[in-house]
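Hi,

Here is the structure I promised to pass on to you. Please have a look at it first, and then read my notes underneath.

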Amino acid sequence: MAESTKPFFLWRHLNKIRWLVLLTIFLMLIILPFIHVYQTFVASFSYDLLTPGEKSLYDFMEMLTAPFTNDPANGLDSIKGTTWSGNFFGFQISDPLSVLGQIASGLTLYWPFILTAAVPVLATVLFGRFFCGWICPATFLYELNTILSLWLHRFGIKAGNRKFDRRLKYLVLAVGLALSAISGSVLISVIYPPAIIGRELYFGIALGGFGAGLAFFVMTLLFDLLVAHRGFCRYVCPGGALYSLLGSFRLFRIKRIVEECNDCAKCNAVCEFGLDPLHDDFGVECNNCSACIAVCPTDAMTFVTTVRDVEFQGPGHLGKQYKRLQESGE
Amino acid sequence: MDRRNFLKELITGAVATSALSSGLAEAVFAAQSNQRYLRPPGSLKEEEFESRCIRCGQCSEVCPNHCIEYFDLENGIDSLNTPYITPRAKACILCMKCGDVCPTDAIKELDRTAEDILGYVQMGKARVNENLCLSYQGKTCGVCYRACPLADVAIKVQLLEQPVVLDACVGCGLCERSCIQIPQAIKIIPDHILNPVS
């Protein structure tokens, strides 16, 4: 039997780091509106005229931001925006879908804006749908939704698990772009959960009320819970469709080490996107979330750099099926 | 823009002639809004603005005066989540931060100088209702003139502080915001109503 080396130790812990990243980004989306409210207090209100609640918010934000800047009205402008489009220390980063939607609605190419998506596009080409697993603020809530469905299962309420055609989302992307072109307005942002989350959190915290987008997002949560597990991301999301296309030949992939695999199928059970790592079927949907690496009891999952998935390698060498095959073969 | 208008009319026509009520088509593809709202300073013309704006929300997030809000569905689905200012509630202080942060330049990047503001900002024009204005009724007021960041350039006062709006007015709305009459005697007429896209 071929001697295989253990996967790099960090891969097993990537899933924890991923949760930390998701949590950080979600918290940022909550803190940034509060920072904005604080900035408006500083810039255009007298402290004495604030209500007691506003005063305590002011004091708290002052405590939080004082180590970083002496001039909150201008100094705290260095991080603004959401994952849809944001300003990070003077560097503007936009979602590739926002660029595509803007091109469709304007029917022109405005290069200063298109270039703001260069880094995300490059990263998607290398890492595939990593945005969906690692950054998307909606993913954070959808994965919590998965945990909720497991809880409900314990009380006898079964979550929906219907299957649809995964290619449906490409249709949604095409129709969304066509509607943007016809209306001359970036309508695709209205059905894209991460954009909605960023906006609605801001509306809710800083502008005193959620908008229509929140109702849409709650519907997607219910869809995931009652109809299809992670259904929106897998079957509907136009951004997911775009990243699947961009990341078709991604360089970083998860691979099953067949010599170490014992066919326990925990990877299939944990996979949020309902993929089939046990049979080496990752495809364009895999978002490199690394949950399967973290759950594998025999360290049989690792990262490799290759532009294609391996073909099905047969049953795992530590599993019963493989042993039976060996005995009958010899 | 012609192609889009053609497509729009095609779709509007198809929807209107179908079993659906034509009211729906009107609501979905409202041709030109008559609502009185201002776009942030330095914004492109209305139709171009809607196609350029990606609804990222950063303009409001940098606004130190907290005056930029976002449309829900009240102005048609085309302007869903786009920024606007209601001058009577909270007017623009022309700080020009929103243009700096706008990733698509739907709001142009301008310096906070009189040159740039007078040259490129066209949110609307103030209009005085002389029947309501205190100064024109003989009670010397002049609040709008004192609120104007471009006093003597955008607005001047005559005898008894009677305000006269000049051509250079950019429509920031600080005069409307500060008018002590109810209803206000000075109002901003937004650019998209003054100069509708034909």
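Below is what I found, starting with the contact of the two chains and moving on to some helices of chain A.

One thing to keep in mind is that this is a predicted model.

**Where the chains meet**

The contact draws 40 residues from chain A and 30 residues from chain B. On the chain A side, many elements take part: helix 1 (14-44), strand 1 (79-81), strand 2 (85-88), strand 3 (91-94), helix 4 (96-106), helix 5 (111-114), helix 9 (168-183) and helix 10 (193-206) each give at least two residues. Helix 1 of chain A has the largest share of that side, with six residues. By type, the residues of chain A that touch chain B split into 15 nonpolar, 22 polar and three charged.

**Helix 8 and F140(A)**

Is F140(A) buried or exposed? This residue belongs to helix 8 of chain A, which covers residues 137-154. F140(A) has 21 other C-beta atoms within 10 Å, and 20 or more count as buried, so F140(A) is buried. Leaving aside residues up to four places away in sequence, F140(A) touches L22(A), L23(A) and F26(A). You could also look at F140(A) together with K16(A): the two are 124 residues apart in sequence, and their C-alpha atoms are 13 Å apart in space.

Helix 8 of chain A also packs with helix 11 (residues 212-226) of chain A, at an angle of about 40 degrees and with the axes 10 Å apart. Angles under 35 degrees would count as roughly parallel and those from 65 to 115 as roughly perpendicular, so these two helices are oblique to each other. The crossing of helix 8 and helix 11 of chain A is right-handed. From helix 8 come L141(A), Y142(A), N145(A) and S149(A), which meet L221(A), D224(A) and L225(A) of helix 11. The residues of this contact comprise four nonpolar, two polar and one charged.

**Helix 9**

Helix 9 of chain A, one of the elements on the side that touches chain B, has 16 residues. From first C-alpha to last, helix 9 reaches 22 Å, close to the 22 Å expected at 1.5 Å a residue. Which residues of helix 9 of chain A are buried? They are K169(A), L173(A), G176(A), L177(A), S180(A), A181(A) and S183(A). These buried residues pack against helix 4, helix 12 (231-236) and helix 13 (238-246) of chain A. Just after helix 9, G184(A) takes a positive phi of about 65 degrees.

Enjoy exploring it!

Best wishes

Note on methods
Residues are numbered from 1 along each chain as its sequence is written. Chains are lettered from A and ligands numbered from 1 in the order in which they are written. This is a predicted model: local features need pLDDT of at least 70, side-chain atom pairs count only at pLDDT 80 or more; totals for chains, interfaces and linings use all residues. Two residues are in contact if their C-beta atoms, placed from the backbone, lie within 7 Å. Helices (H or I, at least four residues) and strands (E, at least two) are DSSP runs, numbered from the N terminus. Ala, Val, Leu, Ile, Met, Phe, Trp, Tyr, Cys and Pro count as nonpolar, Asp, Glu, Lys and Arg as charged, and the others, Gly among them, as polar. A residue is buried if 20 or more other C-beta atoms lie within 10 Å of its own, exposed if 12 or fewer, and partly exposed in between; C-beta atoms are placed from the backbone. Axes are lines fitted to C-alpha atoms, for helices over the stretch in contact, and angles run from 0 to 180 degrees between N-to-C directions. Angles under 35 degrees count as roughly parallel, over 145 as roughly antiparallel, 65 to 115 as roughly perpendicular and the rest as oblique. A crossing is left-handed if the near helix is turned anticlockwise from the far one by less than a right angle, and right-handed if clockwise. The expected span of a helix is 1.5 Å times one less than its number of residues.
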